[in-house]
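Please open the structure in your viewer and keep the sequence panel in view. The stops below are meant to be selected one after another.

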Amino acid sequence: MAQIKAPPGGAFLIEEAELDGVLIPEELSAEARLMARTTEEFIRKEVLPVTDRLEAHEEGLNARLMRSAGELGLLAGGIPEVFGGLDLPKSTLTLQSEMIALASSFAVTVGAHTQIGTLPILYFGTEEQKRKYLPRLASGETIGAFALSEAESGSDALSAKTRATLTPDGRRYVLNGTKMWISNAAFADLFTVFAKADGEQFTAFLVERNTPGLSIGREEHKLGIRGSSTCRVILEDVQIPVDSVIGEVGKGYRVALYILNIGRFGLGAGALGTSRELLRHSAKYANQRVQFGSRISSYGLIQHKLAEMAVRMFTLESMLYRTAGYWDVLFAGVDASAEGSADELRAVTEEYAIECAILKFYGSEVLDYVADEGLQIHGGNGYSEEFPMARAYRDARINRIFEGTNEINRLTLLDQVLRRAQKGRLALPQAAAKLKEAVLSLAPRSSDLSADPLDEVGEWIRQIRNATLYAAGQAWETLGVKIADLQEVAAAIADMSAVLFALESGWLRARKLAASGSPRSGLALSAIQVYGADACAQVEQWSRYVISAISDGDTRRTHAAVLRRILKPPLVDTVTLRRQLARSVIELEAYPW
Amino acid sequence: MRILVPIKRTPDPNSLVRLTADAQIDLDGCKWIVNPFDEIALEEAVRQREAGLDAEIVVVSIGPEEAADQLRACLAMGADRAIHVCCNRSLEPIQTAHLLAAVVATEQPDLILMGKQAIDGDQNQTGQMLAGRLGWPQATFASTITISDNHTTAVVEREVDTGRETLQVRLPAVVTADLRLAEPRYVALPAIIRARNKPMANVAVDDLGGVPDCGVRTVGYELPPSRAPGVMLPDAASLAAKIREAVQ
Ligand SMILES: Cc1cc2nc3c(=O)[nH]c(=O)nc-3n(C[C@H](O)[C@H](O)[C@H](O)COP(=O)(O)OP(=O)(O)OC[C@H]3O[C@@H](n4cnc5c(N)ncnc54)[C@H](O)[C@@H]3O)c2cc1C
C-alpha cells in the first residue's frame, strides 16, 4: 500500500489518475478478507435467520445482536485503539460494510450506530467525551443515534425548531422539541441531538437516554427496512450539563455536514453488498425458471438485465475501493490517538466529499436498478413475499432518501466543486479555460477498432472529461453562482461527473487486472466497453441539455459545434458484449468479479 | 503438552467448481478456506486449552504461498504458532503423511489433532497413514476427546453407524475430528489483529526430505452431467399427481 498516492478530492474532473495510485478490490489484504468473512458468517448465521422477528420489533433483539456484533469487534473498526477501537483501514471497513448490508435492516441499525451515531464524538468531541463514550460505543454496550431531522425540517436541516435554552446559572441547557425519523431510537442509549441554542445557534448536543424529559414515540410503519427502529424522539424540558455540547455552540452545521459525508460513503458500500446478494438470487432464479421450453436465463432480455446489473456494480465497486484506497493513504498520515488530531481527521474525511456524494446517489441508484430488475426477473414470484425480492425491493428504496436525498447530493456535488474552485483547491476554471483555448485544435479520434481496446476506452474518458468540463465551464461563465438556482443543469453536471468517475475507476481497474494477467481482465474490459459506450451517448445528451439551457441563437450553435468536436460517441455492439458478460453471471450464478 | 494441528487450504464448498477447456479444475475466482474438519480439530484444541489444559497449539499447513492466509486465520482462532511448508503441487495422502511425519520429528507433539478428511479430495486417509508411519495409536472420527490429567492417555468417543464407540489411546497419538467434535467460533476481529504478531515459520519441502513418488497420477477430471431445470408446482396436490405420473 505504501506506493499508493492520493490525489486531491475531485481531481478526476480535471486530470487523468495515476494508475499506481489506485486501489482495486482484488488487492485487498488477506486480513481484510478474513475480517469480512467473520462479518458475513455473523450476518448469515445470526441475523438473517431472525429477519421476521426483527421486523416484528421483538423486544431487545436488535440490542442483543448489536452486543454480539460488538463482541466480535464489528462495531469498533472506525475507532482509534486508544478509545477501545480497532483502527482498521477504510478499505477493510468498506468490505465489512458490504457484508453487513446482506441484512438491509440490520445494516441501517449498524450504520446509524457506527457512523452517524458515533463519529460526531470522534470528530468533534472533547477528550473527555471521547474517553467516556467511545469505548462503550465500540463494544456495543452503548448504542448511538443521530437526531437531526424534524417533521418540518429534513433536507433543510438547519431550519430545525428544537431549542436549547441556557439556564440562568449558565450550567445547563434545557432542550425542547421533537425529532423525527430517528434510526435506532427504540433502543439507543445515546443521542446526538441538534438544536438551536437560544433559538439561533445551531448546535449538536449529547443526550443520554435516561435523561428525564426524553421520550420515544411509536415505531413508524415503514415501506421497508422494517427490522430497523425509526421513531420520534420527544424532548420536554430535558436538562443536560453545558459540557454536553459537541464541538462549538453555533457550529452544529459542521458536525451535521461532516458526519453525513462519511455516512454517504458507507451507504454506497452497503448498496454494493446488497446488490451482490440480489444478483445471486436473480441469476439463480433465471437459471431455474423455464418458459417456452427454455430457462429464462437463455433469453436476451433477461441476459441484458443480468449483464447490466454486473456492469453497474463493477463501476460502483471500482469507485468505492479507489476512494477507500486514497483515504487510507491520507489517514495513514494522521495519528488518530494524538490529542488535537481531530482537525486533521476532519480535513482528511472532507477531502473526498465530491466522491462521497457520487457514491451515495450512484450507489443507491445501482441498488434500485438491481432490486427492480431482479424483481422483474422473478415475474409474479418477485411480487410475492414468499420470495426474497419483494422485501429487497422495499428495503432498497430508503437509500435514495436518507443521508441527504439524491437530489440534495447532486446539488451538494456541484456546490463542493464550486467551493473548491473558488478556494483554489481544484483548478477547474483553469482547466475549463485551457480546454476552451485548445478546443479548435482538438480532433477526437473516431472509434478505431484496430487500436488497443483499453486505449480506446481511455480516449472515450478523455472525451467525457472534456465535455463535462466544457459544459460546466460554460455554465459557470454564463451563470456564475446562480448556477445553483438552475438545478436541472447542476444535476446534469453532477451526473456527468459521476459517469466520468465511474468509467475512469472501472477503466483503471481493468488496466490493473490486465497488467497482472488476471483471468477476469477480459470480463472487466467488456464491462467498461459496455458502460463507456453508453456513457458517451449519455454525456452527449446531458451536455447538449446543459448548453441549450444556458444559451440560445448563435452562441448555442457554437457550443453545439464545439461539443461535436469534443465528443464522438462510438458505435459498439453492446448486445454481444452484454451477452458475454451475462454468460459469466449465469454460469457462476453470482457477480463475476 | 504440545498439540499439532495440520490444516489444509481448500476451496469454499459454496464456490462453483468448473473445468477449463483442457479439463483442468478452474479455480479462478474461487474462495479459499481452512478445510472445515481441520477447523473443527483446531477449535477442539483451543477449547481444551481454554478449559485448563496446559498446551501449546501449533498449526502446520503444506500448501502454496497463499496457504499463509489460512494459517493466519488459525492463529486468529487461537493457535500459538504456525509452520508453513511451501509446496505448489497437489499431494496424495501418503505424500502428505510423509511430509507431516518429518514435521513431527522436529516438533515432537504429544497429540496430533486433525480433520478426518479434506473436503476437496474427500480421501479420508492422511490421519491414518500418518499414524501408521509414526507407529502411533490412532482414533478416527472423534466426537469427544478427554485428555488424562497427566497427559499420557486420551479417551475418544467416535460415532459409528449404529451408535458410539469409546477408545482409550496412549499418547502420543493421532486423533481425527468428525463434524460434531466442536463448532468453530467466529474469528473475532480483535483476535485477528492480535494474531498479526504470532510467529509463522517457513519450511521448504526439501528440508523435510522431499516428496516421495507414490505411483498415483491424476489422469483426468469430468463434471457430472448438468441437472435438468426444475419446475415450480403450485400445491401439494399437483406434486402428488406428478409423483403418481412418474411411478406409473
Ligand atoms: C427510515 C428512515 C430513517 C431515517 N433516519 C434518520 C436518522 O437516523 N436521523 C435523522 O436525523 N434523520 C433520519 N431520517 C430522515 C431523513 O434524513 C430525511 O427524511 C431526509 O433527509 C429527507 O428529508 P424530508 O423527509 O424532510 O424530505 P424533504 O426535505 O421534504 O424532501 C422532499 C423532496 O423534496 C426534495 N427537495 C428538498 N429540498 C430540495 C431542494 N433544495 N432542491 C430540490 N429538491 C429538494 C427532496 O429531494 C425530496 O425529493 C430518516 C428517514 C427515514 C425515512
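The tour begins with a sheet, continues to a helix residue beside it in the list of stops, and ends with cavities. 

**Before selecting**

This is a predicted model, in which local features need pLDDT of at least 70 and side-chain atom pairs count only at pLDDT 80 or more, while totals for chains, interfaces and linings use all residues. Residues are numbered from 1 along each chain as its sequence is written, chains are lettered from A and ligands numbered from 1 in the order in which they are written, and side-chain values use heavy atoms, with hydrogens and water left out.

**Stop 1: the sheet of chain B**

Select the strands of chain B in the order S11-S10-S9-S12-S8-S1-S6-S7-S13; these 9 strands form an open sheet with mixed pairing. At its edges are strand S11 (163–170) and strand S13 (200–204) of chain B, each of which pairs on one side only. From one strand to the next, the twist averages 35 degrees. Strands (E, at least two residues) and helices (H or I, at least four) are DSSP runs, numbered from the N terminus, and two strands pair if DSSP finds at least two bridges between them. In general, strands of a sheet pair through backbone hydrogen bonds, either parallel or antiparallel.

Now select strand S1 (residues 2–6) and strand S6 (residues 56–63) of chain B, which run parallel and are joined by 5 bridges. Within this pair, Val5(B) has Val59(B) of S6(B) as its bridge partner.

**Stop 2: helices across the sheet**

Add helix H1 (residues 36–50) of chain B, which lies across S1, S6, strand S8 (111–115), strand S9 (138–147) and strand S12 (173–177) of chain B. H1(B) runs at about 140 degrees to S8(B). Then add helix H4 (residues 126–134) of chain B, which lies across S8, S9 and S12 of chain B at about 155 degrees to S8(B). Axes are lines fitted to C-alpha atoms, for helices over the stretch in contact, and angles run from 0 to 180 degrees between N-to-C directions.

**Stop 3: His98(B)**

Select His98(B), in helix H3 (residues 93–107) of chain B. Is His98(B) buried or exposed? His98(B) counts as buried because its relative accessibility is 18%; buried means under 20% relative accessible area, exposed over 50%, and partly exposed in between (1.4 Å probe, protein chains only). Leaving aside neighbours within four places in sequence, His98(B) is in contact (heavy atoms within 4.5 Å) with Arg133(B), Leu208(B), Gly210(B) and Pro212(B).

**Stop 4: the largest cavity**

A search of the whole structure finds 2 cavities of 30 Å³ or more. A cavity is a set of points on a 1 Å grid over the protein atoms alone where a 1.4 Å probe fits but cannot get out, and lining residues have an atom within 4 Å of a point. Grid points are joined across faces, edges and corners, and a volume is the space filled by probe spheres set on the points.

The largest cavity holds about 70 Å³ of space. Select its lining residues, including Leu13(A), Leu428(A), Arg465(A) and Ser497(A). H16(A) gives the most to this lining, with 4 residues.

**Stop 5: the second largest cavity and Ile547(A)**

The second largest cavity, of about 30 Å³, is lined by Glu540(A), Arg544(A), Ala560(A), Leu563(A) and Arg564(A). Helix H18 (521–550) and helix H19 (553–566) of chain A each supply at least two of these residues.

Finally, select Ile547(A), found in helix H18 of chain A. Ile547(A) counts as buried because its relative accessibility is 2%. Leaving aside neighbours within four places in sequence, its contacts are Arg556(A), His559(A), Ala560(A) and Leu563(A).

How values were computed:
On a 1 Å grid over the protein atoms alone, a cavity is a set of points where a 1.4 Å probe fits but cannot get out, and a pocket is an open set with protein on both sides within 12 Å along at least five of seven lines; lining residues have an atom within 4 Å of a point.
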